[in-house]
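Hi,

Here is the structure I said I would pass on. Have a look at it first, and then read my notes underneath.

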Amino acid sequence: LGHGIQTAPDHFLGDYPRFKFARFAEAIPADLTGKSVLDIGCNAVFYSVEMKPRGADRVLGIDSDDTYRAEARHASEALGFTGVEFRQLSVYDVGALGERFDLVIFMGVLYHLRHPLLALDLIREHVAGDLMLFQTMQQGSREVYPVPADHPFHMPGTHEPPPFFDEPGYPKMHFIEREFAHDWTNWWAPNAACSAAMLRSTGFTIEAQPESEVYLCRVAPVPYAEFGPAAVYPDKGE
């Protein structure tokens, strides 16, 4: 942060997330003048603060952990950025905000959630107005298998299940029952195909993938929306 202030000097990944951000910073619009930004799971406010020099008019960071919220305030003040707002709020309660944002940042959160697809549904339904910057830990194959639009119960003329479920590039979400990297909150690790499929199924189109785990998305029609809301509890903020 300058002046000898460090938020996590002993982080096992080093100067994280600064070195990671450098790899995909150019994917985000350089000019956010007049735009609103919502940073979900803002942690120590790194991405929120990075949006202010780009001209963002309003930046709101939310996190369910009040410890991170206090750290976020400290970081923004140390860097001299004013106008970054913070609220203690869970991703499951974004409907309570009652507004949409031009850019939603949803980085490093999905795999910590017990209900990740629900979180994406709620973001799309309540707060995503245009772009979303998304990142998740991924494990498994980076291949993407061409999944059919409709899956047969059996292969034609047989009683055998279709073989594509065993393909490495079929969308798969790995469930971590205990710990990953000594962290019991790391519940999920999708493969690359699963990350992309989850984004599409919740109403986002992938505009760019500047890094293997980072996706710049834009809101799109929600598949099967004509049959009703996708979120099992679409919080209306009431």
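Below is what I found, going from the overall layout to two helices and then to some loop residues.

Before anything else, please keep in mind that this is a predicted model.

**Overall layout**

The protein has 5 helices and 9 strands. Going along the sequence, they come in the order α-β-α-β-α-β-β-α-β-β-β-α-β-β. There are 238 residues, and 42% of them count as buried. I also looked at contacts between residues at least 6 apart in sequence: 65% of these join residues at least 24 apart.

**Helix α4**

The helix I'd start with is α4, residues 116-126. Of its 11 residues, 9 are buried, so α4 is largely enclosed by the rest of the structure. If you want to click through them, the buried ones are P116, L118, A119, L120, D121, L122, I123, R124 and H126. You'll notice that D121 and R124 are on that list along with the leucines.

**Helix α5**

Next comes α5, which covers residues 192-201. Here 7 of the 10 residues are buried, so α5 too is largely enclosed by the rest of the structure. Those residues are A192, A193, C194, S195, A196, M198 and L199. What sits over them? The cover includes α4, along with the strands β5 (128-135), β6, β7, β8 (204-211) and β9. Just after the helix, G203 takes a positive phi of about 95 degrees.

**How the two helices meet**

Since α4 is part of the cover over α5, I checked how they pack.

A quick reminder on the terms: two packed helices are described by the angle between their axes and the distance between the axes. For α4 and α5 the angle is about 40 degrees, and the axes are 9 Å apart. Angles under 35 degrees would count as roughly parallel, so at about 40 degrees this pair is oblique. The crossing of α4 past α5 is right-handed. On the α4 side the contact is made by P116, L117 and L120, and on the α5 side by M198, L199 and S201. By type, the residues of this contact divide into 5 nonpolar, 1 polar and no charged.

From the contact list, P116 and L120 are also among the buried residues of α4, and M198 and L199 are among those of α5.

**Cysteines**

How many disulfides does the structure hold? The count is 0. Two cysteines to look at are C194 and C217: C194 is buried, with a relative accessible area of 7%, and C217 is buried as well, at 0%. C194 is one of the buried residues of α5.

**The loop before α4**

The loop between β4 (101-107) and α4 holds Y111, and H112 lies there too.

Is Y111 buried or exposed? With a relative accessibility of 11%, Y111 counts as buried. Leaving aside neighbours within four places in sequence, Y111 is in contact with Q135, T136, M137, T185, N186, W187 and W188. Take W187 as an example: Y111 and W187 are 76 residues apart in sequence, yet their C-alpha atoms are 5.6 Å apart in space.

H112 counts as partly exposed, at 28% relative accessibility. Not counting residues up to four places away in sequence, H112 touches D183, T185, N186 and W187. H112 and A189 are 77 residues apart in sequence, with 9.5 Å between their C-alpha atoms.

**Two backbone oddities**

Last, a couple of phi values for you to check.

H182 is not a glycine, but its phi is positive, near 65 degrees. You'll find H182 in the loop between β6 (173-175) and β7 (188-190), where it counts as exposed at 78% relative accessibility.

Y224 is the other one: its phi is positive, about 65 degrees, and it is not a glycine either. Y224 sits in the segment after β9 (214-219) and counts as exposed, with a relative accessibility of 59%.

If you only have a few minutes, I'd go to the contact of α4 with α5, and then to Y111 and its partners, W187 among them.

Cheers

Terms used
Residues are numbered from 1 along each chain as its sequence is written. This is a predicted model: local features need pLDDT of at least 70, side-chain atom pairs count only at pLDDT 80 or more; totals for chains, interfaces and linings use all residues. Side-chain values use heavy atoms; hydrogens and water are left out. A disulfide is a pair of cysteine sulfur atoms within 2.5 Å. Buried means under 20% relative accessible area, exposed over 50%, partly exposed in between (1.4 Å probe, protein chains only). Helices (H or I, at least four residues) and strands (E, at least two) are DSSP runs, numbered from the N terminus. Axes are lines fitted to C-alpha atoms, for helices over the stretch in contact, and angles run from 0 to 180 degrees between N-to-C directions. Angles under 35 degrees count as roughly parallel, over 145 as roughly antiparallel, 65 to 115 as roughly perpendicular and the rest as oblique. A crossing is left-handed if the near helix is turned anticlockwise from the far one by less than a right angle, and right-handed if clockwise. Contact means heavy atoms within 4.5 Å. Ala, Val, Leu, Ile, Met, Phe, Trp, Tyr, Cys and Pro count as nonpolar, Asp, Glu, Lys and Arg as charged, and the others, Gly among them, as polar.
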